[in-house]
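Colleague: I'd like to learn how to read a model like this at the bench. Can you take me through a few features, one by one?

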Amino acid sequence: MKTYEVRTYGCQMNVHDSERLSGLLEGAGYVRAPEGSDGDADVVVFNTCAVRENADNKLYGNLGRLAPMKTKRPGMQIAVGGCLAQKDRDTIVQRAPWVDVVFGTHNIGKLPVLLERARIQEEAQVEIAESLEAFPSTLPTRRESAYAAWVSISVGCNNTCTFCIVPALRGKEKDRRPGDILAEVEALVAEGVSEITLLGQNVNAYGSDIGDREAFSKLLRACGRIEGLERVRFTSPHPRDFTDDVIAAMAETPNVMPQLHMPLQSGSDTVLKAMRRSYRQERFLGIIEKVRAAIPHAAISTDIIVGFPGETEEDFEQTMHAVREARFANAFTFQYSKRPGTPAATMEGQIPKEVVQARYERLVALQEEISWEENKKQVGRTLEVMVAEGEGRKDGSTHRLSGRAPDNRLVHFTKPEQDVRPGDVVTVEITYAAPHHLLAEGPTEAVRRTRAGDAWEKRNAAPAQPAGVMLGLPKIGVPEPLQAATGGCTVV
């Protein structure tokens, strides 16, 4: 059987798209290449990102390394999709003529057809759709996890942030019908999934396309009524659209986790205006205050850009002030880099690299200090941790397992005597805190075997079976729904 490899760059949306690309290829008869194949597959797909300045250099470097492998392997095919493909189109084939297929963000479902057409016609196929042909959630999926899943509720973005090229590449926001979203969630739960993450470029703007300003809070509450669904998360919301009804839905829906990731980008009102971010520091911190009042143990994280064009030392100090006030559990910090095709790339006042680096280091040091202080507050708490797969790189040597607390903090815990599988839930007491993880060094207080753990065990017990999950497409041999789990997830 022919093998495939999908290499993913970029955001969660790209990760989710790659699951669908894998599902499409498996539906076409390919099997996933062994881990560490490093290009030694019949089909290698690059799902690209155009957000960073050096994204194209990274792509062409990787394509160059595959060129000699393709020469030695007759019939090998290379495909390039995602945001960079949508942006560069014919340029990719011009710079790397050994590429067989180029496809965009709107027509990922065409990949198997384009590969076959390229094989028959013996020439590159470049097909870039200008608008969404079909919502990607109708496509087959090979999920990376048996117990957790992404659920896309919208695609595209209506914002015009000056540093971001995503709206130009993924188009205007298009919302899925609530019934279709909930049907997918119910199907996933029937397969054993116990945690879902609602996904959108601007997830809490959901409803603008269907004319309902409270659609997102209603969706959260509807997820709370799905039996067997233990954990609901979402990413990433925009402060402009973060309304009180969403906060109420988070607080009042037991399976919506006490976690919020909301990008700040900058604490300076002047820089936020230049970024075309339609909120100011006071508005952002006001949302944080409301969330903490309604959900006291919520862990809040963010994204911050350092060194945006025109940022002064005073502007940067405003960012530092906002970080001190917000006390984020963690922050994803980035040094500004030009995104070709964005307004910010040609703005005056580009900051020297050494200045950006110095500010970045100061911000990281402050956030590390705050993260550690906030994590120390977790010591002594008893938490329900969902066991994860691949989260603890040192678990083998430390005889620990790892998982996520309800607020999404990473927890390493002592391996219990009882057999525990990814997707199962353990109850542990936190004994130590580091800036980026928690430790539970004592004995496990309780182990709850779950339907999600059953699903993981079934997937790994039959390696000869395709791991793909064909959402919405009936197939022979689908197992009966697993028995409902007892108990529920405790929000702490």
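Colleague: Let's start with strand pairing. Which residue stands opposite Phe 234 in β11?

Modeller: This is a predicted model, so keep that in mind throughout. Leu 198 is the residue facing Phe 234 of β11. Leu 198 belongs to strand β10, residues 195–199. How many bridges join β10 to β11? There are 5, and the two strands run parallel.

Colleague: What is the order of the strands in the sheet they belong to?

Modeller: The order is β7-β10-β11, 3 strands in an open sheet with parallel pairing. The edges are β7 (148–152) and β11 (231–235); each has a single partner strand, so one side of each has no neighbour in the sheet. On average, neighbouring strands are turned by 25 degrees against each other, ignoring direction.

Colleague: Okay, and which helices lie across these strands?

Modeller: Take α7 and α8. Helix α7, residues 178–190, lies across β7 and β10, and runs at about 170 degrees to β7. Helix α8, residues 215–223, lies across β10 and β11, with an angle of about 170 degrees to β10.

Colleague: Now aromatic rings. What describes a pair of them?

Modeller: Two things: the distance of the ring centres and the angle of the planes. This structure holds 4 aromatic pairs. In one of them, the rings of Phe 216 and Phe 234 have centres 5.1 Å apart and planes at 80 degrees, so the pair is edge-to-face. Phe 216 sits in helix α8 and Phe 234 in strand β11, so to speak two distant parts of the chain, 18 residues apart, linked by this pair.

Colleague: So Phe 234 turns up again, the residue opposite Leu 198. Are Phe 216 and Phe 234 buried or exposed?

Modeller: Both are buried. Now compare Tyr 279 and Phe 284: their ring centres are 6.2 Å apart and the planes are at 35 degrees, so that pair is tilted.

Colleague: How buried is each of those, and which cluster do they form?

Modeller: Tyr 279 has 3% relative accessibility and counts as buried. Phe 284 is buried too, with a relative accessible area of 1%. Together with Phe 328, Tyr 279 and Phe 284 form one aromatic cluster.

Colleague: On to cysteines, then. How many disulfides does the structure hold?

Modeller: The count is 0. For a disulfide, the two sulfur atoms have to be within 2.5 Å. The cysteine sulfur closest to that of Cys 161 is in Cys 164, and it is 6.1 Å away, too far for a bond.

Colleague: And are Cys 161 and Cys 164 buried or partly exposed?

Modeller: Cys 161 is buried, at 9% relative accessible area. Cys 164 is partly exposed, at 27%.

Colleague: Last topic: record annotations. Where does UniProt place "domain: Radical SAM core"?

Modeller: The unreviewed UniProt entry puts that feature at residues 143–374. In the model, this span is 40% helix and 16% strand, and its end C-alpha atoms are 33 Å apart. UniProt also lists "domain: TRAM", again from an unreviewed entry, at residues 376–444. That span is 7% helix and 38% strand, with its end C-alpha atoms 20 Å apart.

Notes
Residues numbered from 1 in each chain as written. Predicted model: local features only at pLDDT ≥ 70, side-chain atom pairs only at ≥ 80, totals over all residues. Heavy atoms only, no water. Buried < 20%, exposed > 50% of the residue type's maximum accessible area, 1.4 Å probe, protein only. UniProt positions renumbered as here; feature names shortened; annotations may be inferred. Helix = DSSP H or I, 4+ residues; strand = E, 2+ residues; numbered from the N terminus. Pairing = 2+ DSSP bridges. Axes fitted to C-alpha atoms, helices over the stretch in contact; angles between N-to-C directions. Contact = heavy atoms within 4.5 Å. Phe/Tyr/Trp six-rings, centres within 6.5 Å; stacked < 30°, edge-to-face > 60°.
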